[in-house]
Amino acid sequence: MLSLRKQVSRSVVYSAWILLASLAWPLYAEPYDRMKERKGMVKEIEADVRDTSLYIDREQLDSRVMQAMQDVPRHEFVPDSLDDDAYLNIPLPIGHGQTISQPYIVALMTDLIGLRPHHRVLEIGTGSGYQAAILGELASEVYTIEIVEPLAEQAKKRLAQLGYKNVHVRFADGYHGWPEEAPFDAIIVTAAASHIPPPLVQQLKPGGRLVIPVGSRFIVQQLTLLEKDARGNVSSRQMLPVRFVPLTGDH
Amino acid sequence: MTKQRNYPLTSIALLSASALATELYLVRLFAIIQWHHAAYMVISLALLGYGISGTLLAFIRKPALTRFKLYYILLIAGFAIVLPLCIWSAQHLDFNAELLLWQKHAWLRMAGVFLLLALPFLFAATAIGLALDAARTSAAKVYAADLLGAGLGALGLVMLLAILPIQLVPACIITLILSAAAISVYELNTTKHIAIPVILMLLIATWLIPQELYRPNISEFKPLAQALRIAGAHRVKERSGPLASLTIVKNPQVPLRHAPGLSLYAQSIPDEQLAFFEDASNMTAITLDKDKNELEWLHLMPSALPYKLTKPNHVLIAGAGGGMDILQAIHLSEAKIDVIEPNIQRIKLLQQFSGLNPDARLHFHHADTREFIQRTDTSYDLIIFGPGGAGGGTSGMHALNTSYQHTTEAYNEYLAALTPRGRIVISSWLQLPPRAMLKHVATAIQALQSIGNINVGSNLLVSRSLQTSTLLFGTTSFSAAEVNTFKAFNKSHGFDNSWYYGMELQQANLINRLPHPWLYESIWELSQGTIDAYVAKYKFDTRPATDDQPYFHHFFRWPLVKDILSQRGKGGMSLVEGGYLVLLATLILAMITGLLLILVPLIVYRRKIGINNKTLVSLAGYFICLGLSFLLIEITFIERLTIVLGNPVYSVAVTLTGFLIFAGLGSALTNRLQLSLGVYKLLWLSTFSIILVVSLHLLIGDWLTQTIRVMPKGIIIPVVLIIIMPLAIPMGIPFPLGLNWLADHAPDFTPWAWGLNGFASVVSAVLAIVLAMQWGFSVVMLIAVCLYLVAALLMSPSLRQYSD
């Protein structure tokens with residue numbers, strides 16, 4: 001039979017363990033919940049892809065792209081006030097009149113340019129840096145240009161903190177591309193323009209792909225994929241990424 | 001308030017002028033800081049202040065009537081004090097109308113804006129309603145002063161906007177309100193030694209506050225705000241006027257390069273440009289007129305096509321924009337160029353910043369395109385409509401704007417102004433699935449068919465770049481040589497052929513591939529001559545717009561609701577043209593709020609009014625019908641006379657002022673006519689006069705419009721006023737007639753009558769647009785006369801009793 005003192009000291013030790021465990025739980029639980037949320041977000045993206053398969057010409061996206069979507073912590077790229085919404089499949093405002101794109105759009109744009117691990121990719125419109133981080137998971141070097149200085153600075157800091165050493169951020173006018181590092185295997189433009197800047201077409205390698213949203217940045221209407229063939233001829237293809245509006249039966 | 005000399009008539013007129021000026025100022029302000037439909041929404045709901053004032057008056061009636069002078073002056077002072085606070089706060093609430101169908105918090109913010117903006121109107125309307133109540137059987141005089149003042153307020157505000165920067169307007173309105181307070185002190189013969197110094201102090205404070213505080217605080221999502229956020233960007237010039245607020249932005253560090261639809265094969269790039277914003281959006285670019293070699297890229301735009309097809313002698317450019325169409329006409333042809341622009345400020349700024357100055361070839365005309373074409377003897381080889389500043393689709397945000405430039409009647413007038421082989425050229429931003437371009441094509445086909453063209457397909461050419469599409473049409477077929485040039489141009493620039501006569505499906509959609517060859521298929525069906533059958537089955541509303549339903553940008557159809565619901569939270573509102581739904585939501589919200597704040601208290605309070613339920617319902621119906629019908633007619637005339645007067649702002653100024661002043665005259669005559677005719681006869685006489693004049697307008701309105709449009713400019717405004725007079729005078733009679741009856745039989749109902757009438761006006765302002773979009777303005781007028789008839793039927797049993 002245990003003495004009373006031993007019983008008391010054992011109870012104290014148990015209690016201390018329970019207390020410690022309960023204190024440690026949030027530390028462990030937080031990333032676990034975030035991972036769960038990210039998985040949920042990826043599932044929603046998969047559903048959106050199936051819904052729009054007729055338009056985007058594919059039933060599912062590259063598994064590497066989906067893995068990157070699951071790995072990159074989107075909550076690190078949204079303002080603290082919107083932390084709870086970070087893994088909803090919607091665009092969110094990030095200040096300066098800009099938004100972080102809907103995750104489905106990010107995944108689709110990334111998929112459309114068909115990245116390989118050795119590819120060098122140029123992004124115009126860094127924004128929060130989320131798209132650049134996804135690209136950083138998939139390509140060898142990512143060059144990203146932002147036109148709003150505070151956003152460029154924040155993104156540079158954030159990406160460095162998260163360890164994306166292969167992502168290079170520059171505060172500049174994206175219209176001229178990044179001629180010192182050209183040509184690129186792929187180019188992603190995340191801001192709408194009245195035309196595709198000729199310097200970007202010139203900085204695209206033969207066989208390369210460029211993806212650009214047509215419509216306003218805030219409410220993306222459709223993505224346009226520009227392809228440059230081996231002889232340097234370019235053609236484009238437009239598709240509807242957000243839920244489309246089908247025409248009536250006769251069409 | 002028993003002696004006649006104590007009526008504060010001048011003060012009422014000034015107060016009413018200030019309230020209407022405030023309303024119109026807010027419409028302008030919200031069009032700049034938000035979007036046009038937000039302006040409609042915020043204003044119509046803010047005007048609920050008028051409705052609520054009736055409820056408030058009913059509850060404070062006794063003490064307010066006992067101490068009328070004090071309450072009246074305090075209410076005016078309250079209006080002057082809350083107005084600047086509300087303007088400032090409503091601008092800083094960070095409310096974004098574009099997020100309404102998208103983010104739940106946006107509704108809360110919108111509710112906040114409504115409540116804030118309702119406050120100043122609540123003060124103004126309570127003061128006017130109190131004066132009406134206190135005047136008893138002489139209410140007609142007070143009401144006349146109210147209407148006359150409102151008419152002058154509308155005119156005054158347009159003049160103020162023309163001469164002053166918009167940020168100086170609030171202080172002017174507040175000065176007017178304080179003048180109303182000061183004058184009332186003398187009119188009511190009350191204690192001057194306290195009131196006047198206080199009013200003076202408020203006046204000094206008004207002008208001591210830095211006027212920059214009233215500078216429009218533009219939503220961060222508007223293109224101007226976004227452009228200014230880019231390093232190096234700064235405003236180089238700003239001009240605000242009654243038509244629009246114009247801003248030019250320069251950015252030497254990150255220069256603008258805007259070239260809608262520039263060829264994918266382009267090697268040269270546009271040189272540095274200036275961004276030219278209208279109401280903080282609708283961006284166009286100002287390109288400096290330079291040497292031909294530096295403007296090589298002008299050849300690489302889809303809009304260069306007409307100059308490859310023809311060598312024009314005379315070109316008309318509808319809308320100066322940023323001058324890109326003008327530059328193309330100068331450098332790609334040797335034609336004489338007439339630029340038609342309704343905003344004189346735009347012409348001046350463009351000349352100052354682009355170097356495009358009038359010379360032997362280039363002429364600028366300050367006019368509306370239709371007005372100019374109607375008056376000119378010149379025939380044109382090309383009439384050009386650029387893509388405007390929308391960019392990437394209209395997102396449903398322009399759905400509520402009327403556009404008389406793109407109606408079947410307008411296209412007929414343009415066709416009549418062409419040389420035999422002349423062409424109309426219309427460029428439009430591409431939308432997926434296409435909407436605007438299909439509406440242009442349907443309108444063109446309908447116009448061509450109406451002048452006897454049968455094989456319309458051969459009169460059309462349509463090409464498409466990555467971002468824009470271009471339509472060319474005229475009264476004659478395109479020749480084989482022209483079609484070959486068209487095809488060669490498209491091929492060499494990387495543009496798609498979307499339509500030429502004899503084109504096969506497999507020739508469409510090859511370079512800039514869409515998910516479906518929508519344009520070709522749709523134009524093929526439209527060119528078969530069955531426009532109605534085609535548009536009936538298209539998901540979007542692509543019916544040709546007409547002068548009676550001039551809503552070119554209205555593409556909404558009810559089956560789209562399903563898509564809108566599926567887009568909630570996904571930011572796809574632009575895909576499904578939700579602008580119209582925002583208008584409907586406004587209407588529903590206005591009705592619910594009105595119900596809660598006016599009708600429910602009335603039902604609860606009804607026993608204290610001292611009349612039976614049947615009379616109560618008749619009276620409520622009478623004042624609601626009057627409120628609804630007055631605005632339905634007023635708005636219809638503002639719209640219909642836009643074609644006559646050249647632009648909507650002049651139409652608001654002239655028509656609104658005319659209606660209010662003549663209706664005021666009608667009210668002023670009410671008591672005299674009542675004495676000679678009797679109240680019952682007067683009600684029916686005014687009702688039948690309204691019905692008769694409106695019926696005449698329905699029958700000969702179009703002929704009248706066409707006749708007045710070509711009259712010498714100097715006499716158009718007097719003629720318009722003469723047309724308004726026989727309608728507006730009887731429209732001013734029924735309301736004071738009802739108030740007179742109330743003064744003798746149910747004085748406690750007076751505040752409710754005022755509130756219900758105000759509430760109905762709020763609903764009516766939105767309802768008029770909803771009805772016009774659905775059925776056209778003729779139907780709106782028809783509904784309005786029916787409402788006048790219903791009002792007379794509801795009131796006549798009570799009046800007959802009164803006459804007896």
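Biologist: In this predicted model, why is B:Tyr605 called buried?

Modeller: B:Tyr605 has a relative accessible area of 16%, and buried means under 20%, so the word fits.

Biologist: What makes the pair of B:Phe59 and B:Tyr605 edge-to-face?

Modeller: Their ring centres are 5.1 Å apart and their planes stand at 65 degrees. Planes over 60 degrees apart count as edge-to-face, so that is the name for this pair. B:Phe59 sits in helix α3 of chain B and B:Tyr605 in helix α20 of chain B, so the pair ties together parts 546 residues apart in sequence.

Biologist: And why is the pair of B:Trp684 and B:Phe688 called tilted?

Modeller: Here the planes make 35 degrees, with 5.5 Å from centre to centre. Stacked needs under 30 degrees and edge-to-face over 60, so what remains is tilted. The two residues are 4 apart in helix α23 of chain B, which means about one helical turn separates them.

Biologist: How do you know whether B:Trp684 is buried or exposed, and what about B:Phe688?

Modeller: B:Trp684 has a relative accessible area of 14%, under the 20% cut-off, so it is buried. B:Phe688 is at 48%; exposed would need over 50%, so B:Phe688 counts as partly exposed.

Biologist: Turning to helix packing, why are α1(B) and α4(B) called roughly parallel?

Modeller: They pack at an angle of about 5 degrees, with axes 12 Å apart. Angles under 35 degrees count as roughly parallel, so the label follows. Their contact has 14 nonpolar, 4 polar and no charged residues.

Technical notes
Residues are numbered from 1 along each chain as its sequence is written. Chains are lettered from A and ligands numbered from 1 in the order in which they are written. This is a predicted model: local features need pLDDT of at least 70, side-chain atom pairs count only at pLDDT 80 or more; totals for chains, interfaces and linings use all residues. Side-chain values use heavy atoms; hydrogens and water are left out. Axes are lines fitted to C-alpha atoms, for helices over the stretch in contact, and angles run from 0 to 180 degrees between N-to-C directions. Ala, Val, Leu, Ile, Met, Phe, Trp, Tyr, Cys and Pro count as nonpolar, Asp, Glu, Lys and Arg as charged, and the others, Gly among them, as polar. Rings of Phe, Tyr and Trp (its six-membered ring) pair if their centres lie within 6.5 Å; planes under 30 degrees apart count as stacked, over 60 as edge-to-face and the rest as tilted. Buried means under 20% relative accessible area, exposed over 50%, partly exposed in between (1.4 Å probe, protein chains only).
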